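Please look at the sequence and the structure below before reading on. The paragraphs that follow go through the structure step by step, and it helps to find each residue as it is named.

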Amino acid sequence: MDISIIIVNYKSKGFTLNCIKSILEADFNIPGRKLEREIIVVDNNSEDGIGEILKWQFDEVKFIQNSDNLGLGHGNNAGFQKATGDYVVVMNPDTWVF
């Protein structure tokens, strides 16, 4: 895996879904090589149904459900533990990739 992208969700389902769509539509390739990427969404107990939506719309996204909201740092650390990429990108849910 080349790139792991971590997104921490807390009551930002719409932003998170738009962020994922923009990542999937973006060209992560460099000349002569197609880069492999993974997306990891960590939900900090937002109770907004993001996990079910991801299973239905984006089954390739890795999902971590935290039982409590312990903050952004804790959420990112959970994502780092699951990341397999050579490089890790931390993105806010309201970020779009062009």
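Which strands do the buried residues of H3 pack against? The model in front of you is a predicted one, and in this model the buried residues of H3 pack against S1, S2, strand S3 (62-65) and strand S4 (87-91). The buried residues of this helix are Gly75, Asn76, Ala78 and Gly79. Seen down the axis of H3, these residues fall within an arc of 155°, so they line one face of the helix. As background, an α-helix has 3.6 residues a turn, so residues three or four places apart point the same way.

One residue of this face can be followed further. Asn76 lies in helix H3, which covers residues 72-82, and Asn76 counts as buried because its relative accessible area is 11%, where buried means under 20%. If neighbours within four places in sequence are left aside, Asn76 is in contact with Ile6, Val8 and Val90.

The strands come next, beginning with S1. This strand is mostly covered, since seven of its seven residues are buried. Ile3, Ile5, Ile7 and Asn9 point one way from S1, while Ser4, Ile6 and Val8 point the other way, and all of them are buried. S1 pairs with S2 in the parallel sense, over seven bridges, and within this arrangement Ile7 stands opposite Val41 in S2. In S2, six of the seven residues are buried, so the strand is largely enclosed by the rest of the structure.

Another helix to examine is H1. The 13 residues of H1 should span 18 Å at 1.5 Å a residue, and the end C-alpha atoms are 18 Å apart, which agrees. Its buried residues are Thr16, Leu17, Cys19, Ile20, Ser22 and Ile23, and what covers them includes S1, S2, H2 and S4.

With these elements located, we can turn to the nonpolar cores. In soluble globular proteins, nonpolar side chains tend to be buried together. Here the largest nonpolar core has 17 residues, and those with the most contacts inside it are Ile7, Ile20, Ile23 and Leu54. The elements that give two or more residues to this core are strand S1 (3-9), helix H1 (13-25), strand S2 (37-43) and helix H2 (50-57), and H1 gives the most, with four residues. Leu54 touches Leu17, Ile20, Val41, Asp59, Val61 and Phe63, not counting residues up to four places away in sequence. Apart from this core lies another one, of seven residues, among them Ile6, Ile40, Val42 and Ala83.

How many aromatic pairs does the structure hold? The structure holds one aromatic pair. The rings of Trp96 and Phe98 have their centres 6.4 Å apart and their planes at 55°, so the pair is tilted. Are Trp96 and Phe98 buried or exposed? Trp96 counts as partly exposed, because its relative accessibility is 49%, whereas Phe98 is exposed, because its relative accessible area is 87%.

Technical notes. Residues are numbered from 1 along each chain as its sequence is written. This is a predicted model: local features need pLDDT of at least 70, side-chain atom pairs count only at pLDDT 80 or more; totals for chains, interfaces and linings use all residues. Side-chain values use heavy atoms; hydrogens and water are left out. A nonpolar core is a set of buried Ala, Val, Leu, Ile, Met, Phe, Trp, Tyr and Cys residues joined through side-chain atoms within 4.5 Å. Buried means under 20% relative accessible area, exposed over 50%, partly exposed in between (1.4 Å probe, protein chains only). Contact means heavy atoms within 4.5 Å. The arc is that of the directions from the helix axis to the C-beta atoms. Rings of Phe, Tyr and Trp (its six-membered ring) pair if their centres lie within 6.5 Å; planes under 30 degrees apart count as stacked, over 60 as edge-to-face and the rest as tilted. The expected span of a helix is 1.5 Å times one less than its number of residues. Two strands pair if DSSP finds at least two bridges between them.
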